[in-house]
Structure formats: C-alpha cells, structure tokens
Amino acid sequence: MHSFDGYQRSDGSVGIRNYILVVSTVQCANNVAIRIAEKTNAVSITHDFGCMEFEENSNRTELGLIKACENPNVYGVILVGLGCEQIDANKMYDYIKGINKPVYKILIQEEGGPKQAIAKGIEYANKLEKESIKEQRGTFGVDKLIVGVQCGGSDWTTALAGNTVIGAMTDLIVKNGGTVLMSEVVGFPGSEHVVASRAVNKEVGIAILDMVTELREDYIKQYGQTIEEVNPTPGNKAGGITTLVEKSMGNIKKMGSVPVQGIIQVGDKVPHPGLWVLDCRAQGPDSFVTTAFAMAGAQITAFSTGRGSPLGNAVMPLVKITGNPKTYKSLNGIMDFNAGRVILGENIDIVGEELYKKIIEVANGAITKSEDNMNFDYTIPRDIR
Amino acid sequence: MKTVLLVDLLDNVAVATLTIQNGEKIKVGDEIIVANQEIPIGHKVAIKDINKNEYVYKYGVPIGVSNTEIQRGDYVHTHNVIDVTEDLCKGYIDDFMKGVAENA
C-alpha cells in the first residue's frame, strides 16, 4: 500500500481533505468567523492578533494565516476582516487567488455589520461546499504525503510504545518515498549526537549541532544552568528515566532510523521528500508545533499521547496514538490507534506497520477522532517568553 | 512470570511493563531471567551482565555508564549508572568537527 487517494491542487500538492476555511484576519472579526463556521460545515480560524502588533509579530500572524489557507487540505477560503486592521485582508485575498484557490472576502465595515457579514459568509461557505463535493479523488504515491510526528500529554508509555511505534511508521513513510516532519527541538539536547550521526551529509550534521548548541547556550544565558543540571527531573527519575540521553531519546525515537535531510524554518516547505527537522523553538502549547507542521504543508500528523490529549488542527487531521492500553480504553473517544499493544508484548515493527496503514486510511478519507470531535485548533507559533 | 519491553536488539536493559518482584521470573524473547531486586513499572532491568565502566544501552544507543558490576536481572537506575550525556555529546561534536576539518 504505497499510494493514497487525494485531491490534486494547482500548485502540485495533494490534499487529503476538502476543508472550507473561515479565517478571521483580526480579533474584531473572530465572532463573525465563528458564527459562520457554526452554521455551516466550514472550519474557523480565530486568534487574538491582527492589529496593533510590532512588525515581527504581525508578519508571523500573517504568515500563519496565509499558510493555513495554502495547506493542501483546504479547498476554499473565506476571509473575514473588520476593514481597518493591520493585517491586510485584500493582500491575503490576492495571494490566495494567485495560487488558484477559491477565495471570498468579507469586511464587516463594508457589509453593514456582523449580521450581514455572517449571512454572506454562510452563503459563500455553502457555495464552496457544493463545489468541493464535485471534486474527485485521484491516486497518488506516498511521495506526495507529508506527515508530522509529535507527542504531548506524555506518560511512561509515550517514549516506550507511542514514540517507538511512530518511529517504525516514520521509516515506512520515508522508505516509500514520503516526507516526515519532526520538531520539538527543545527536546533534542542530550541526543544531538544521535540525530547528527543520521545527517544525510556533513553540512546537515553541522546545522543540527549548531542548532542544539544555540539552544543550550540560550538556556545558560536565560537561566544560568545547563540542561544537564536540571535533567532528568526528580519526576523523570521516579518514573524510571536515569539519564538525559535516555530522556531525550524518548523524543527522538519518533524519527525512526532514516537519514535526516535537513532543517527547515517555520513557514518553509520541504525542498524534497525524506525526514526533515522543523526548527520550531517556540515554547508553548502542543498546538504550536502541530500548527507549524500544518504551515509546512503537512496533510496529517501522528500524535502520541499516554495520558490523552484531545488536540486537533483546523487544516489537518491528527491520528491520535496512545502507548497506554488503559488510556486507549478510558479515553477511546479521542484515540485512533492503540500502540499500547507493544506494552502488552506485541512487536514494535508489526504495530508500526499497522500505524502506517492507518495513516494511509486516514489519507484516503477515514475520519479521525480529532475531526469527529471538531477539535480544530490553530495556534500560530510565536515567542511567548 | 512477567514480560519486559526490549526496545532495540542492541540493548542490554529492558523495561518492566508491570512491577516485577524480587526473585520473579522474567521472559525476554526466548530467554528466562530472574529479577535480583524489585523492578518498578517503567524502570529498567539488566538482561545481560554489564561490566563496570561499560555502556548501558537502551533505544539502541548508550544512555550511560555502569559504575559497578551489574548482573543479569539487576535493577538498573541512578544507583548503578552514571549520566555521561555531556561527554557523549561533546565527544561526538569534537570528533565530528575534527573529521570535517581533516576532510576540508
């Protein structure tokens, strides 16, 4: 099973969903965007920014919103603005039109108020949905698939079962020509030698070591302590983790054993398939990294969670994997895959192959729990120190 | 009899998926070993003898160095393993950069 059925986009990418997106360009338009999505099958993206921001932050907001619209899983977009905000809805409209994606624009100040804006938004969303249903899925190779790998809400099974099974899946995606994105780089220190040893060439090895050295130096500058001085934490040790390498490897396992092709920055696309590191260092909620994957054009993310996180994404299904057999039962309403079978004695590679098949099924259209629960989070990663 | 999770075939420790009592038998692949102490859930047990100053392997990589003779079946944690993360990372970086300089 080295192919999937998806929707061809004009930029060459392939979507696995036909989401209709309602994007608020400024906090003042959030309510209208939410109401439109509530009354239709569209998904809304809202945020507390879009105006009165310093340039760097404003650019990040705009990048986050544009990349959401650009994600191949999005069929069409409705932009909702107020009319006087810093983020230029007209500019965004032109950009999306330029990539040949259906797009509409509603400015509340021009429509005569929220009620009129909502009515117009509903009309546009229904129109886009009707058009999107006519689209046919075609068959594509796994080389068109970009899969994010992440963990959060962890317990002792996450590193051992959830992440080892994800690692086995990563190897299969990459061996079949696909792309895997790994981030959570703040968890790299302690295993940078392992990651660098898998670099595809010297330059990539140097880039990985430089990135982690910078991270380590930042910690010392900010906190006056090395990462080794505070890790593993007393809680880690009580849970059975003896050393920092051991702790860090639990994170790194998601990368499987394939070569690392390079590092990309937030908002970048991968130059070619393979395993890539997305340098998202923003310290914050899990949805920072998930959103950064979506911004890179990932169509799907494999997310392991021992304790159970309901996280989803506005433009990308999350396949929720738990390494804890008890959590798989107690939180079945948010779980897609039971990697806890490894804890009960099943082989990691065999369960990993089943996860690979699950990813293909979801790419073909099988609905995930995060979609069924309507967990459509979108949190633009930024420095919140 | 308890089973343990062996993550990588290179590893000389495995992880208890249920708390193992002192003296209890443990199945590792086709082999049976006996726990020499209690191994709490999520913690490590040696599945091979590990000499003093030898690497302890988990996830297929060295995670530390033993500070004593570790017997097969022993509980493996901070009391008998030294954290050498800094040496592993710095050692690798130094060798790597030397290699880069020599090939330049």
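# A guided walk through chains A and B

In chain B, 38% of the 104 residues are buried. This figure, like every other one below, belongs to a predicted model, and chain B is a convenient place to enter it. Read from the N terminus, the elements of chain B follow the order β-β-β-β-β-β-β-β-β-α, which amounts to 9 strands and 1 helix. The C-alpha atoms of chain B occupy a box of roughly 55 × 25 × 20 Å along the principal axes, and the radius of gyration of chain B is 16 Å, where a compact globule of 104 residues would have one near 13 Å. When contacts in chain B are limited to residues at least 6 apart in sequence, 44% of them join residues at least 24 apart.

From chain B the reader can cross to chain A, since 26 residues of chain B are in contact with 26 residues of chain A. On the side of chain B that touches chain A, the elements giving two or more residues are strand 1 (2–5), strand 7 (61–66) and helix 1 (85–103) of chain B, and helix 1 of chain B provides the largest share, 8 residues. Sorted by class, this side of chain B holds 14 nonpolar, 8 polar and 4 charged residues.

Chain A itself is assigned two parts, domain 1 (19–133) and domain 2 (141–372), whose centres, taken over C-alpha atoms, are separated by 30 Å. Where these domains meet, domain 1 of chain A brings 12 residues to the contact and domain 2 of chain A brings 9 residues. On the side of domain 1 that touches domain 2, strand 3, strand 4 and helix 2 (55–70) of chain A each supply at least two residues, with helix 2 of chain A giving the most, 4 residues. The residues on that side of domain 1 of chain A are 8 nonpolar, 3 polar and 1 charged.

Within chain A, helix 1 (residues 30–38) has the buried residues Val32(A), Ala33(A), Arg35(A), Ile36(A) and Ala37(A). The buried residues of helix 1 of chain A pack against three strands and two helices of that chain, namely strand 3 (19–24), strand 4 (43–45), strand 5 (74–81), helix 4 (108–111) and helix 5 (114–133).

The next stop is the nonpolar core. In soluble globular proteins, nonpolar side chains tend to be buried together. The largest nonpolar core here has 141 residues, of which Leu21(A), Val23(A), Val165(A), Ile359(A) and Val45(B) touch the most other members. Helix 6 (residues 156–175) of chain A gives the most to this core, with 11 residues, and the core draws at least three residues from each of domain 1 and domain 2 of chain A. Val45(B), from the other chain, shows what such a position looks like in detail: leaving out residues up to four places away in sequence, Val45(B) touches Val4(B), Val13(B), Ala14(B), Ala16(B), Ile20(B), Ile26(B), Ala35(B), Ile39(B), Gly73(B), Tyr75(B) and Val76(B).

Another part of chain A to follow is an open sheet of 7 strands, which are arranged in the order 10-11-9-8-12-13-14 and whose pairing is parallel. The edges of this sheet are strand 10 (260–265) and strand 14 (337–338) of chain A, each of which pairs on one side only. Strand 10 of chain A is joined to strand 11 (residues 274–279) of chain A by 5 bridges, the two running parallel, and within this region Gln265(A) has Asp279(A), in strand 11, as its bridge partner.

The path into strand 10 begins at helix 11 (residues 244–252) of chain A, which is largely enclosed by the rest of the structure because 9 of its 9 residues are buried. These buried residues include Glu246(A) and Lys247(A) as well as Leu244(A), Val245(A), Met249(A) and Ile252(A). In the loop between helix 11 and strand 10 of chain A lies Pro259(A), which is partly exposed because 13 other C-beta atoms lie within 10 Å of its own, a count that falls between the 12 or fewer of an exposed residue and the 20 or more of a buried one. Neighbours within four places in sequence aside, Pro259(A) is in contact with Arg198(A), Val200(A), Gly274(A) and Leu275(A). Pro259(A) and Asn201(A), although 58 residues apart in sequence, are 9.1 Å apart in space, C-alpha to C-alpha.

Technical notes. Residues are numbered from 1 along each chain as its sequence is written. Chains are lettered from A and ligands numbered from 1 in the order in which they are written. This is a predicted model: local features need pLDDT of at least 70, side-chain atom pairs count only at pLDDT 80 or more; totals for chains, interfaces and linings use all residues. Two residues are in contact if their C-beta atoms, placed from the backbone, lie within 7 Å. Ala, Val, Leu, Ile, Met, Phe, Trp, Tyr, Cys and Pro count as nonpolar, Asp, Glu, Lys and Arg as charged, and the others, Gly among them, as polar. The radius of gyration is taken over C-alpha atoms; the globule rule is 2.2 Å times the number of residues to the power 0.38. A nonpolar core is a set of buried Ala, Val, Leu, Ile, Met, Phe, Trp, Tyr and Cys residues joined through C-beta atoms within 7 Å. Domain bounds come from an automatic or database domain assignment. Two strands pair if DSSP finds at least two bridges between them.
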